[in-house]
Amino acid sequence: MTQAAPPIRAFVFDAYGTLFDVASPVAACAEALGEPAAALARLWRDKQLQYTWLRTLQGRYADFAQVTADALDFALDTLGIHDAALRQRLLDAYRTPSAYPDAPATLAALHGRGFRLAILSNGTPEWLDTAVRASGLGASLDAVLSADTVGVYKPHPEVYRQAERALGLPAAAIGFVSSNGWDAYSASAYGLQVVWCNRGGQAAERLPAAPAYQVSSLDALLDLPKPPARVQT
């Protein structure tokens, strides 16, 4: 007999791709980039993720700022774009990516209902702080957690374990929200109650475990199939 999951008492959000639009830095420079803009956005993001996984497997950690710069350099070189000023504009824009339109209102509503809220991201503490302040999300957050603290990247279990430690809750009582399929499935395998915000309509991953919920936007968190717990502040 399957045991019912405990009530969700806190929500922890991935940052890049979930709360913040990772395509927005390229969009901000689209006029200067011209036709290669879309290809650059895809390649930069793909290589950024690959470098986080490869550095973790190799035991050669470098922080997210370095990984992001290395991935951009690879993408620019691949596309034959050699413009130092444009490179710097892109990196500067990544420090303040646009929040998705559904993020501020959803976090504010969850906060108002008494849930504890946090970010758990590969980003550096400094980059996350800058992005949170620029987006105005900080008033809804109880904590901002970075993989930099443990020196490895998702999906290493030590990254997800930070949520339990910071919130003082077991994994099963934490709703983890990510738009990245690999992250959602990995967090579910760790034991978090995962909501996969599948913005792009991705196919299901072929990985162990599976998210508890799948939604297409963050505001759907306010109306999950099984109502979340209402926690008093």
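This dialogue concerns how to read helix packing and backbone geometry in a predicted model.

Reader: On what basis are the features in this model reported?

Author: Because the model is predicted, local features need pLDDT of at least 70 and side-chain atom pairs count only at pLDDT 80 or more, while totals for chains, interfaces and linings use all residues. Residues are numbered from 1 along each chain as its sequence is written, and side-chain values use heavy atoms, with hydrogens and water left out.

Reader: Which residues of helix 6 are buried?

Author: Helices (H or I, at least four residues) and strands (E, at least two) are DSSP runs, numbered from the N terminus. Buried means under 20% relative accessible area, exposed over 50%, and partly exposed in between (1.4 Å probe, protein chains only). In helix 6 (residues 102-112), D102, A103, T106, L107 and L110 are buried. Seen down the axis of helix 6, the buried residues fall within an arc of 110° and so line one face of the helix; the arc is that of the directions from the helix axis to the C-beta atoms. A105 and G112 are exposed on the other side of helix 6.

Reader: Against which strands do the buried residues of helix 6 pack?

Author: They pack against strand 1 (10-13) and strand 2 (116-121), where contact means heavy atoms within 4.5 Å.

Reader: How should the packing of two helices be read?

Author: Two packed helices are described by the angle between their axes and the distance between the axes. Axes are lines fitted to C-alpha atoms, for helices over the stretch in contact, and angles run from 0 to 180 degrees between N-to-C directions. Helix 8 and helix 9 (residues 181-190) pack at an angle of about 65°, with their axes 10 Å apart. Helix 8 and helix 9 are therefore roughly perpendicular to each other; angles under 35 degrees count as roughly parallel, over 145 as roughly antiparallel, 65 to 115 as roughly perpendicular and the rest as oblique.

Reader: Which residues of helix 8 and helix 9 meet?

Author: P157, Y160, R161 and E164 in helix 8 meet D183, S186, A187 and Y190 in helix 9. Eight of the 10 residues of helix 9 are buried, so helix 9 is largely enclosed by the rest of the structure.

Reader: Which backbone features deserve attention?

Author: Most residues other than glycine have a negative phi, and most peptide bonds are trans. A209, although not a glycine, has a positive phi of about 65°. The peptide bond from K154 to P155 is cis, with omega near 10°.
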